Amino acid sequence: MDNETIRQLKEAVELSPENVPLRLHLAEVMLKAQQFAEAAHEFSEVLVRSYGNLKAKLGLAEAYFHQKKYSAALIIFEEIQDSLPVPAMVLYVKCLLKENSRAQAVEMYQKVIALHPEFRDEEIDQFLRMSGNANFSEEEEEDYDGEGGDSDSRYFLQKPKEKFSDVGGMKRIKEEISIKIIQPLKNPDLFKAFGKKTGGGILLYGPPGCGKTFIAKATAGEIDAKFISIGLHDILDMWIGNSEKNLHAIFELARKNAPCVLFFDEVDAMGASRNDMKQSAMRHVINQFLSEMDGVNSSNEGVLILAATNAPWSVDPAFRRPGRFDRVIFVEPPDEKAREEILAGMLQNKPVVDIDVRKIAKETNDYSGADLQAVIDIAVEDKLRESLSSGVLQPIGTKDLLKGVKAHRPTTLEWFASARNYALYANESGLYDDILKFLKIKK
Amino acid sequence: MPDTDVLIQRAHLLLSQGRSEDAVKQLSEVLHADPNNDHALSLMGRARFDQQRYKEGMDLIQRAISQEPTESYYYYLLAFGYYNMENNPHAQLNIRKAIELHPYQPDYFGLWAILLLEKNQFSEALERANEGLALDPENVSCLNARATALNKLNRTDESIDTMKTVLDADPENYYTHVNVGWNLLEKGRQREATTHFREALRLNPRAEAARAGLKQSLKSNIPPYKWLLQYSFWLNNKGSVARWAIPVGIYFGVRAVDYLSRNASPAVATAGMIIVGLYIILALGSWFINPLANLFLFFHKDGKYALTSGEKWGAVLTVSALVTGLTSLGIYFFLSDGVSDFWLVAGILAISLALPLSVLEFPIQLSFRNVALKQLLAMAALLIGLIWIVLFFTGSLTPALFQIYIYIIIAFTWGAALSR
């Protein structure tokens with residue numbers, strides 16, 4: 001119907017090109033029919049013929065907004081700032097958000113709220129609440145249900161774009177994750193035929209900064225699933241607040257958004273030390289976690305559970321029973337080849353001149369990904385200083401990076417010092433055999 | 001502003017999980033909002049203790065005390081800090097204050113007993129431990145202190161009973177196993193001690209005290225090492241004056257025997273020679289037994305991982321110097337024509353080099369701040385030894401210079417022994 005109307009209106013406008021109201025009407029109909037480009041064209045035509053036409057300006061701004069020409073829209077909004085109707089104000093706020101001018105957006109949004117106290121807009125709320133603005137704290141209710149990606153729950157659902165191919169090295173770990181949790185999701189029938197039960201999770205452990213979080217994210221990206229990351233503070237607050245409810249809510253959120261990767265970072269924080277456990281009722285959180293993981297009350301179909309820790313020795317042994325984190329994987333510092341890949345990736349888009357990545361990789365034994373980043377940061381800072389004083393851009397060379405290597409000690413050494421002790425003296429079920437192998441200790 | 005209560009609770013949890021670094025982050029936030037929060041200050045102090053930054057931790061606890069001078073727990077923490085800084089008198093002062101303020105906490109008595117044990121006041125320590133146990137008969141630190149005190153007082157049966165009780169009360173406490181291990185080692189039961197040190201390491205692989213104990217108990221399998229260890233236990237249980245008076249007394253006793261036997265009948269002279277010879281073996285043995293025993297650990301399946309790289313270096317270098325020296329002396333006695341004393345001098349130089357090497361701590365740091373006197377002496381002696389070796393090989397070593405060197409080395413052995 002719209003197309004027919006548009007065609008007729010177009011004909012009419014062609015017959016009387018100077019008829020401003022008619023052309024304006026055509027543009028507005030086009031806007032409604034989501035033909036934004038044409039609408040924008042007609043609005044500008046109107047403005048040529050009737051300079052300062054408010055309706056045309058508003059229409060043009062809206063058309064620009066939908067064409068994602070936010071800065072163009074912003075210019076128009078700024079021009080007519082004082083005579084904006086409420087819907088236009090909301091659009092203005094959205095434009096400002098897209099252009100990252102939070103402060104202005106907040107100011108404008110406050111005007112909207114002043115005019116319409118009960119006004120709500122999910123998209124804006126999400127952005128402004130993320131920026132930590134206290135104005136909207138009334139939103140803070142226990143609402144974990146969320147609606148797809150735009151949910152405004154406390155635990156942010158992400159949709160990672162990283163794939164396994166973005167992760168340098170870690171071939172063994174990728175394989176393990178693939179066979180344990182990705183393939184069952186992709187070929188459920190095959191696994192059923194072999195009578196292999198799916199479910200359970202993977203516990204990743206290793207020195208800090210070696211990409212445990214990154215590979216978890218990439219797992220979600222690889223299978224195009226959503227990703228929920230639960231950090232140290234979230235875990236700690238389970239001890240403090242109404243813990244079991246929160247934990248249940250997290251799992252429910254993941255189940256509703258299946259397929260979903262649920263990632264617990266620093267999971268060892270969930271189990272306090274043995275002495276404390278005896279005295280208090282802290283066992284509750286662990287029990288709740290385990291029963292959620294076992295899927296006692298509701299099925300965990302499509303929910304992949306990953307956990308990471310720097311201190312596997314502090315993880316409650318009950319976590320490692322079959323059906324739970326029955327696969328425990330050591331994420332070791334990148335080997336020489338992986339370091340080459342990582343360095344090459346990090347140095348992309350940076351001003352460099354004939355870098356010998358292999359030589360640097362050779363010199364950086366035991367360096368984690370985060371350490372390599374630190375090395376590059378040191379080199380970049382040096383070069384920035386030089387460039388500023390000489391006024392000419394100085395590219396980074398192999399020598400600068402080697403200097404950075406000298407200045408930065410690998411942070412994994414400290415971790416290995418204590419890991420070595422655990423592997424030597426507390427390796428009861430062969431749990432730390434990978435560490436022994438990595439350290440080349442034969443027992 | 002974030003809720004300080006939640007932050008403090010988080011910090012508490014983090015501390016109990018041994019995540020002191022994360023706890024410090026939470027606490028800094030609290031202190032940022034409320035710089036005089038005594039609870040946060042004391043927790044921050046505990047976190048610094050965990051990181052073995054005792055000085056900082058004690059400063060924080062002092063601040064907490066100035067806010068809340070009637071909280072006994074803060075004085076207990078302060079006493080604990082002083083204990084770790086090896087300031088026993090101040091530690092005792094503060095633990096007394098804590099008990100004055102709140103006499104119903106058994107852990108306070110446990111710490112006090114440990115402090116008294118350190119000062120060799122065994123029966124007082126036993127009394128304090130018993131007072132604490134009257135409040136809570138299963139308190140682990142009081143039970144441990146009681147067991148050690150009884151052991152030192154030679155009431156071995158009671159001590160073993162107490163150790164059994166404490167192991168029953170909490171079999172997974174690594175500290176108890178370490179304590180039991182030391183008590184057994186002192187009684188010369190190194191095999192049982194080894195199992196307890198192993199268990200302690202299994203429970204807490206990072207416990208340095210357990211690793212040290214494991215090394216001692218393994219080395220005690222070598223009889224001479226065991227004797228010397230028993231001797232040093234015995235010496236340590238004497239008062240602080242006796243600790244240096246006894247070795248000096250023995251030395252002068254031997255010198256007197258030596259002097260008297262020279263002018264006596266041949267039979268007495270032989271007996272004197274034997275005594276002097278035994279003494280020389282003992283004295284040299286006390287220098288070299290530790291690196292030799294460390295070398296023995298090299299070939300033990302657990303021992304080789306317990307050694308630090310510094311100990312390995314010390315053992316290898318000392319033993320190489322010793323072997324070189326003894327070989328040279330052997331050549332001198334068996335092959336030499338008696339005219340040239342090349343091999344004799346070479347042997348003495350090499351053995352003298354082994355003396356500082358055996359007490360030197362590796363890796364050698366070339367800064368002179370915060371270095372123990374003994375280490376400085378050993379570094380100096382090693383340097384002088386190397387200079388004399390250069391002189392020897394360039395042929396410019398005169399008998400007078402050699403004599404000076406011997407005096408230097410003797411001075412060094414006395415200096416090093418007394419600077420403990």
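Two strands are taken to pair if DSSP finds at least two bridges between them. On this basis, the predicted model contains an open sheet of six strands in chain A, arranged in the order β1-β3-β4-β5-β2-β6 with mixed pairing. The edges of the sheet are formed by β1 (157-158) and β6 (327-330) of chain A, each of which pairs on one side only. Strands of a sheet pair through backbone hydrogen bonds, and the pairing may be either parallel or antiparallel. In the case of β2(A), which covers residues 201-205, and β6(A), the two strands run parallel and are joined by four bridges. Within this pairing, Ile202(A) has Arg327(A) of β6(A) as its bridge partner.

The overall composition of each chain was then examined. Chain A comprises 21 helices and six strands, while the secondary structure of chain B consists of 21 helices and zero strands. Of the 443 residues in chain A, 34% are buried; in chain B, which has 420 residues, the buried share is 38%. Contacts between residues at least 6 apart in sequence were also considered. In chain A, 69% of these contacts join residues at least 24 apart, and the corresponding value in chain B is 52%.

The two chains touch each other through 14 residues of chain B and 16 residues of chain A. On the side of chain B that touches chain A, the elements giving two or more residues are α1 (4-16) and α12 (190-203) of chain B. The greatest contribution to this side comes from α1(B), with five residues. By character, the residues on this side of chain B divide into five nonpolar, four polar and five charged.

Two helices of chain B illustrate how burial is distributed along a helix. The first of these, α8(B), has 14 residues (122-135) and should span 20 Å at 1.5 Å a residue; its end C-alpha atoms are 20 Å apart, which agrees with that expectation. Its buried residues are Phe122(B), Ala125(B), Leu126(B), Arg128(B), Ala129(B), Gly132(B) and Leu133(B). These residues lie on the same side of α8(B), because they cover an arc of only 165 degrees around the axis. An α-helix has 3.6 residues a turn, so residues three or four places apart point the same way. The face of α8(B) turned away from the buried side carries the exposed residues Ser123(B) and Ala134(B). Packing against the buried residues of α8(B) are α7 (106-118) and α9 (140-152) of chain B.

The second helix, α11(B), covers residues 174-186, and its 13 residues reach 19 Å from the first C-alpha to the last, close to the 18 Å expected. This helix is mostly covered, with twelve of its 13 residues buried. Among the buried residues of α11(B) are Tyr174(B), His177(B), Trp182(B) and Glu186(B). The elements covering the buried residues of α11(B) include α9, α10 (156-169), α12, α13 (208-219) and α14 (223-237) of chain B. After α11(B) comes Gly188(B), which has a positive phi, near 80 degrees.

The nonpolar interior was considered next. The largest nonpolar core has 132 residues, of which Val261(A), Ala79(B), Ile95(B), Leu111(B) and Ala113(B) touch the most other members. When neighbours within four places in sequence are left aside, Ile95(B) is in contact with Tyr76(B), Ala79(B), Tyr108(B), Leu111(B), Trp112(B) and Leu115(B). Another core, of 30 residues, lies apart from the largest one and includes Ala56(A), Ala63(A), Phe77(A) and Tyr92(A).

Finally, backbone angles were inspected at two loop positions. Asp366(A) is not a glycine, yet its phi is positive, at about 75 degrees. This residue, Asp366(A), is placed in the loop between α17 (357-363) and α18 (369-390) of chain A. With 16 other C-beta atoms within 10 Å, Asp366(A) is classed as partly exposed. In chain B, Glu86(B) likewise has a positive phi, of about 60 degrees, although it is not a glycine. The loop that holds Glu86(B) lies between α5 (72-84) and α6 (88-101) of chain B. Glu86(B) counts as exposed because only 9 other C-beta atoms lie within 10 Å, and the cut-off for an exposed residue is 12 or fewer.

Definitions and conventions: Residues are numbered from 1 along each chain as its sequence is written. Chains are lettered from A and ligands numbered from 1 in the order in which they are written. This is a predicted model: local features need pLDDT of at least 70, side-chain atom pairs count only at pLDDT 80 or more; totals for chains, interfaces and linings use all residues. A residue is buried if 20 or more other C-beta atoms lie within 10 Å of its own, exposed if 12 or fewer, and partly exposed in between; C-beta atoms are placed from the backbone. Two residues are in contact if their C-beta atoms, placed from the backbone, lie within 7 Å. The expected span of a helix is 1.5 Å times one less than its number of residues. The arc is that of the directions from the helix axis to the C-beta atoms. Ala, Val, Leu, Ile, Met, Phe, Trp, Tyr, Cys and Pro count as nonpolar, Asp, Glu, Lys and Arg as charged, and the others, Gly among them, as polar. A nonpolar core is a set of buried Ala, Val, Leu, Ile, Met, Phe, Trp, Tyr and Cys residues joined through C-beta atoms within 7 Å.
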